[in-house]
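Here's an informal walk through one model, going from single residues to helix packing and cores. Have the coordinates open while you read.

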Amino acid sequence: MHAGVWYASAAYVCWGLFPLYFRALADVPASEVLVHRIVWSLVFVALLLGLRRQWRWLGEALRQPRLVGSVAVSALLLSTNWLTYIWAITHGQIVEASLGYFITPLVNVGLGVAVLRERPRAMQWAALALASAGVAGLTLATGRLPWIALVLAASFGLYGLMRKTAPLGALEGLALETLLLAPFALGTAALWMLQGTSHFPAPTLATNLWLIGVGPVTAVPLLLFAAGARRVTMTTLGLLQYIGPSLQLLVGVGLLGERFGAERLPGFVLIWLALATYSVDGLRQARRPVAPA
């Protein structure tokens, strides 16, 4: 449980700093950045599997149609989330992207209760109620349907559930997901190169390195997240999720100069109260003596 919390927290910190990375690729279309995320992520995990001599599972996995189908669905959810997020960051919508990841924990908890039959404690319910009120206030403050936030929340919430229940390990699952997406990504990249519209290889070394580096930058937090998701409850995973959007918000407003209106403040105050409530509950549970077997 404790290892799962550390893994998941590290993943969310990485994701919280993502706007700094993807803003450097603002001149590259979001669809092309997505293609590079898929291809270079596959290269990175393939190298890891090669170093560990860990390929025997792949043949067995490919002979299981139900498993391949399940991983294909999670890969589709993951690519949808990636594309939406990249578009949001490169089009100056970091605040709305952070809103999406504030909503995601509510999706996670809902899935935990509805699908996995988890039962949150009373203070966790209180934290979720505060967070729900905060998210509702943030949604109303935008003055329009926050489609970016909704797509990010739905796609990543469902992806988290599928990774939690998947029979494959973190590294193997990501390898199979990117392997299933790779033919489409490589075909699209080849077409762009033939048409002369590809941004890779770029005229500058920096852009090429940013595009290649998107593989390990993508894979490492996903591996941490998958490892954490298998060790903690959906409720805990959902509430830890607030680390990522909080950092995204700070980066977007504090470092990248995106506007944050005063009308958003009440919603964020409620979310911080929810985090405080959850933290108090976690400390109380940690101090309870363990019953003898």
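Contact here means heavy atoms within 4.5 Å. One more thing before starting: this is a predicted model.

**Serine 41 and its surroundings**

Let's begin in helix H3, where serine 41 is found. Its relative accessible area is 0%, so serine 41 is buried. What is serine 41 in contact with, once neighbours within four places in sequence are left aside? The list runs His36, Trp82, Thr178, Val214, Gly215, Thr218 and Ala219. For a sense of how the chain folds back, try leucine 179: serine 41 and leucine 179 sit 138 residues apart in sequence, yet 9.5 Å apart in space, C-alpha to C-alpha.

Isoleucine 148 makes a nice counterpoint. This residue belongs to helix H8 (residues 147-165), and isoleucine 148 is buried because its relative accessible area is 1%. From threonine 178 it is 30 residues away along the sequence and 23 Å away in space, again C-alpha to C-alpha. Neighbours within four places aside, isoleucine 148 touches Thr84, Trp87, Ala88, Gln93, Glu96 and Ala97.

**Loops worth a click**

Between helix H3 (30-52) and helix H4 (56-62) there is a loop that holds glutamine 54. Arginine 53 is in the loop between H3 and H4 too. Arginine 53 has a positive phi of about 50 degrees, although it is not a glycine. Buried or exposed: how do arginine 53 and glutamine 54 come out? Arginine 53 is exposed, whereas glutamine 54 counts as buried. Beyond its neighbours within four places in sequence, glutamine 54 has contacts with Leu49 and Glu172.

Another backbone detail turns up at proline 201, in the loop between helix H9 (170-195) and helix H10 (205-229). The peptide bond leading into it from phenylalanine 200 is cis, with omega near 0 degrees.

Here are the accessibility values for a handful of residues:

| Residue | Relative accessible area | Class |
|---|---|---|
| Serine 41 | 0% | buried |
| Isoleucine 148 | 1% | buried |
| Glutamine 54 | 18% | buried |
| Glutamate 263 | 39% | partly exposed |
| Arginine 259 | 60% | exposed |
| Arginine 53 | 77% | exposed |

**A salt bridge**

How many salt bridges does a search of the whole structure find? Just 1. The side chains of arginine 259 and glutamate 263 meet in a salt bridge, at 3.7 Å from N to O. Side chains of opposite charge can pair when their charged atoms come close.

**Helix packing and the cores**

Now for helix H6 (residues 94-114) and helix H12 (residues 243-255), which pack at an angle of about 170 degrees with axes 8 Å apart. H6 and H12 are therefore roughly antiparallel to each other. On the H6 side the contact is made by Ile94, Val95, Ala97, Ser98, Tyr101 and Phe102, and on the H12 side by Pro245, Ser246, Gln248, Leu249, Gly252 and Val253. By type, the residues of this contact split into 8 nonpolar, 4 polar and no charged.

Finally, the largest nonpolar core has 62 residues, and those with the most contacts inside it are Trp15, Phe22, Trp57, Tyr85 and Phe225. Tyrosine 85, leaving aside neighbours within four places, is in contact with Trp15, Phe18, Pro19, Phe22, Ala97, Tyr101, Leu152 and Gln248. Another core, of 20 residues, lies apart from the largest one and includes Phe102, Val109, Tyr242 and Ala274.

How values were computed. Residues are numbered from 1 along each chain as its sequence is written. This is a predicted model: local features need pLDDT of at least 70, side-chain atom pairs count only at pLDDT 80 or more; totals for chains, interfaces and linings use all residues. Side-chain values use heavy atoms; hydrogens and water are left out. Axes are lines fitted to C-alpha atoms, for helices over the stretch in contact, and angles run from 0 to 180 degrees between N-to-C directions. Helices (H or I, at least four residues) and strands (E, at least two) are DSSP runs, numbered from the N terminus. Angles under 35 degrees count as roughly parallel, over 145 as roughly antiparallel, 65 to 115 as roughly perpendicular and the rest as oblique. Ala, Val, Leu, Ile, Met, Phe, Trp, Tyr, Cys and Pro count as nonpolar, Asp, Glu, Lys and Arg as charged, and the others, Gly among them, as polar. A salt bridge is a side-chain nitrogen of Lys or Arg within 4 Å of a carboxyl oxygen of Asp or Glu. Buried means under 20% relative accessible area, exposed over 50%, partly exposed in between (1.4 Å probe, protein chains only). A nonpolar core is a set of buried Ala, Val, Leu, Ile, Met, Phe, Trp, Tyr and Cys residues joined through side-chain atoms within 4.5 Å.
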